[in-house]
Structure formats: structure tokens, C-alpha cells
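This briefing covers the overall dimensions of one protein chain, the packing of its helices, and a few individual residues. The sequence and structure come first.

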Amino acid sequence: MTFDVYFDVLSRTADPDEWEAALAGIVEQAQRAEPAEVQTALERLVQGMRAMPFFFAQDLAQVIGAVAGLGTDPLVVLPVLVERATEVLESAALFAGLCEADLGEIPDLTDESTAREALARFTELARRRSLDAHEAELLMQAWMSADQLVQPLLVLCQRADARAALPGRERLAAAIEPVRERLGTPSWLAGLLEVLDDEPLIVLDRGFAGTGRGYRVTIGGIADNFQLHTLLAAALISSPADGRADETLLPGRPPTEIEIAAASTGDPAPEGGITGSWNMIDANGDWIWNEGKPAYIPHHDGVRVIVLDAAPYERSWNAGRVYPLMLPALHVDGPLTPQEAAALLSQVKPASR
């Protein structure tokens with residue numbers, strides 16, 4: 001079998017079983033084909049997906065997500081995936097808004113026993129809103145297809161190069177917001193759109209080890225401050241007991257290798273969890289909560305600043321990272337001079353609590 005055979009089936013069949021078999025055949029063929037062949041098939045899938053109704057586009061999106069990494073350039077799929085994801089989210093938000101405004105709830109379209117009644121209710125609602133039957137059907141399709149259509153972007157955006165090349169970011173982010181709390185996959189994608197890459201930080205030791213030292217750090221691919229907490233501790237704490245004595249770093253208990261792996265490339269949820277090292281404070285004196293994101297840390301004179309204080313109580317958490325495929329980066333670019341660190345510490349505010 002060749003890709004051409006499967007694409008021929010997709011172009012002419014109206015049989016759901018044949019459609020699904022052809023899509024599965026493309027995935028299987030891609031696993032044994034040369035990357036250049038896969039790339040050509042990817043480009044055909046992308047073109048086919050561009051104008052398809054949401055119900056069919058979601059199937060092609062899943063195939064694209066499954067085989068993108070087997071071609072020569074997975075980023076070629078980004079424009080159409082972003083375009084269709086944005087369209088489906090905007091339509092899904094319109095569907096949800098209409099239903100909640102006129103029906104008081106979003107009907108369950110996945111339950112076969114109630115879907116027909118829900119369809120009739122929404123069709124009548126759409127008629128009252130001057131939407132024709134086709135427009136009403138597309139809105140319902142959007143609501144039912146949004147998670148599947150967005151999912152391939154969720155996978156691809158765990159790559160730093162995909163995040164850097166992502167087109168239409170602002171419109172996509174705006175389309176996510178109305179459905180962020182209503183649908184599952186878009187909320188996870190929203191988190192990836194907030195990830196910082198090649199972002200400089202300044203880290204100051206105030207009350208953790210009391211050294212007054214400061215460091216320039218660059219981060220990328222870090223989803224939340226739980227992960228940042230662990231990776232910073234791994235980079236900045238040096239322990240003679242572990243054979244990692246470095247007088248330029250901070251004395252203390254560094255994270256274990258298992259904890260570091262959980263925050264980077266290992267099992268994200270190790271037995272026993274992960275233990276915190278310090279309290280992180282911003283330049284305004286506010287706590288930097290682990291539940292937050294690096295993007296929420298405020299700037300001070302153009303750079304985000306983290307002040308390390310002693311932990312007021314022991315903290316632990318279960319998972320080291322949120323996105324298992326996203327490779328984090330944290331590099332200590334070098335220490336501040338004692339004068340630079342002292343000057344900055346004199347400018348930051350005491351912890352507010």
C-alpha cells in the first residue's frame with residue numbers, strides 16, 4: 001500500500017469505516033516510510049484539512065499530530081493547525097454563549113439518549129437568532145470537535161521551535177479564553193502559550209543561605225513555578241555531602257536526582273513527591289507561589305527578579321512537571337558581582353507576609 005491509495009479512499013468515500021481505516025493506514029504507512037515521503041503526505045493532509053467541516057478536520061488533525069514528527073519539517077503544519085484550532089474555538093465559544101444565554105445551560109451533545117433533543121433545542125434557538133441550519137450545525141460541530149482539533153497543537157507546542165514559530169498567537173490565545181474553563185484541551189494549550197523561552201532572570205539569595213549572592217539565569221520551557229523551584233535549586237545549591245561543593249553557589253540540600261528528573265525528563269510523579277528548598281519572593285515583596293508561572297513574575301528594571309528566603313514551612317508536591325514532552329532549560333549564566341547583588345538587594349522589598 002502507498003499513501004496515494006489511502007488518500008484516494010479519503011477523497012471519495014462516504015463510509016465512516018473506510019474513512020477511519022484510511023486514516024489508520026496513513027499513520028501505519030508513515031511509520032515505515034522515508035521522512036521525505038511522510039513530509040509530502042503531511043502537506044497533503046494539511047491542504048485537505050484547511051477547508052473541511054470540523055467533524056472531518058478533527059480526524060485529519062489527529063493524523064497530522066501522530067505523523068508530524070516522522071517527516072522532515074513538523075513545523076510546516078503549524079499555520080493550518082492554528083487556523084483551524086482558532087476557528088473551532090471561536091465557534092465553540094459562540095455555541096456555548098448562545099446556549100447559556102437562551103437555554104441556561106450547555107446541552108450534552110455526547111449522550112445519544114439526549115443528543116437528538118439537544119439538537120432540536122439548539123436548532124430552534126439558532127432559528128430565533130437568525131442562523132440557518134448549516135450555521136447551527138457548524139456551531140454544534142465546533143463544540144463537539146474542539147478538544148480533538150486542538151490536541152495536536154498541544155503536542156507540538158511542547159517543542160521550543162514550535163513555540164517560537166507559532167503564527168497567530170494573539171488570536172489563538174483570545175479564542176481560548178471564553179472556553180478555557182469549559183473545555184479541557186484548550187486550557188492546557190493556554191498554559192503552553194504562556195511559557196517563557198530564552199528568558200533572563202536575576203536570582204538573589206537573601207534569607208535562604210544568607211550569602212547575599214546573586215546570579216544571572218536564563219530559562220525556557222518551564223511550565224510553572226513548581227518546576228522552576230526544583231530546577232533553580234538543582235542549579236544553585238551545592239552540597240559537599242553530595243560531592244558537589246562549589247563555593248560560588250549556595251550551601252544547602254540540593255534536590256535529589258529523582259526530583260531533578262521529575263522536573264526535566266524522568267518520571268514526573270516520583271514516589272514520595274518533591275520537597276521544596278526555599279521561599280521565592282518577587283522584587284515587590286510578594287510571594288512567588290509555586291502554583292503560578294514564570295511569566296507572572298514581575299519585572300524590576302526590565303528583568304524578572306527572584307529573591308530567595310528561608311522556607312517558613314516545609315513544602316512538598318506530587319509532580320515535577322506539567323507537560324511530559326516539554327524539555328526545560330535553565331542555565332546559570334554567571335554570578336553578579338558582590339556590589340551588583342548588594343545594590344539589587346537594597347532595592348527589593350521585604351517579604352509581605
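Helix α4 meets helix α5 through F54, A57, A61 and I64 on the α4 side and L81, R84, E87, V88 and S91 on the α5 side. By class, the residues of this contact are six nonpolar, one polar and two charged. The model is predicted, and the points below start from the whole chain before returning to this helix pair.

**Whole chain**

- The protein chain contains 13 helices and ten strands.
- Along the principal axes, its C-alpha atoms fill a box of roughly 70 × 50 × 40 Å.
- Of the 353 residues in the protein chain, 48% are buried.
- Among contacts with a separation of 6 or more, 73% join residues that are 24 or more positions apart.

**Helix α4 and its packing on α5**

- Helix α4 covers residues 54-67 and helix α5 covers residues 78-102; the two pack at an angle of about 140°, and their axes are 11 Å apart.
- The angle falls between 115 and 145 degrees, outside the roughly perpendicular and roughly antiparallel ranges, and α4 and α5 are therefore oblique to each other.
- The crossing of α4 past α5 is left-handed.
- The 14 residues of α4 should span 20 Å at 1.5 Å a residue, and the distance of 20 Å between its end C-alpha atoms agrees with that.
- Buried residues in α4 are F54, A57, Q58, L60, A61, V63, I64 and V67.
- Several of these positions are three or four places apart, for example F54, A57 and A61.
- In an α-helix there are 3.6 residues a turn, so residues three or four places apart point the same way.
- The partners against which the buried residues of α4 pack are α1 (3-12), α2 (16-30), α3 (35-50), α5 and α7 (133-156).

**S91 in the α4/α5 contact**

- S91 is a residue of helix α5 and is one of those that meet α4.
- S91 counts as buried because its relative accessibility is 18%, under the 20% cut-off.
- Beyond its neighbours within four places in sequence, S91 contacts F54, L139 and A142.
- F54 belongs to the α4 side of the contact with α5.
- S91 and M140 are 49 residues apart along the chain, while their C-alpha atoms are separated by 8.4 Å.

**Helix α3 with α1 and α5**

- The axes of α1 and α3 come within 11 Å of each other and cross at roughly 10°, which makes α1 roughly parallel to α3.
- F3, D4 and F7 of α1 make this contact with E37, V38, A41, R44 and L45 of α3.
- The contact of α1 with α3 comprises five nonpolar, no polar and three charged residues.
- Helix α3 also packs with α5, at an angle of about 25° and with the axes 10 Å apart, which makes α3 roughly parallel to α5.
- The crossing of α3 past α5 is left-handed.
- On the α3 side V46, M49 and R50 take part, and on the α5 side V80, L81, E83 and R84.
- The residues in the contact of α3 with α5 are four nonpolar, no polar and three charged.
- L81 and R84 of α5 appear in the contact with α3 and also in the contact with α4.

**Helix α10**

- Helix α10 spans residues 184-193 and is mostly covered, with seven of its ten residues buried.
- The buried residues are T185, P186, L189, A190, G191, L192 and L193.
- Their cover includes α5, α7, α8 (160-165) and α9 (169-176).

**Positive phi in two loop residues**

- Most residues other than glycine have a negative phi.
- D198 is not a glycine, yet its phi is positive, at about 55°.
- D198 sits in the loop between α10 and β1 (199-205).
- With 68% relative accessibility, D198 counts as exposed.
- D301 likewise is a residue other than glycine with a positive phi, near 55°.
- The loop that holds D301 runs between β7 (299-300) and β8 (303-309).
- D301 is exposed, at a relative accessible area of 71%.

Key. Residues numbered from 1 in each chain as written. Predicted model: local features only at pLDDT ≥ 70, side-chain atom pairs only at ≥ 80, totals over all residues. Heavy atoms only, no water. Axes fitted to C-alpha atoms, helices over the stretch in contact; angles between N-to-C directions. Parallel < 35°, antiparallel > 145°, perpendicular 65-115°, else oblique. Left-handed = near helix turned anticlockwise from the far one by under 90°. Contact = heavy atoms within 4.5 Å. Nonpolar A, V, L, I, M, F, W, Y, C, P; charged D, E, K, R; others polar. Buried < 20%, exposed > 50% of the residue type's maximum accessible area, 1.4 Å probe, protein only. Expected span 1.5 Å × (residues − 1).
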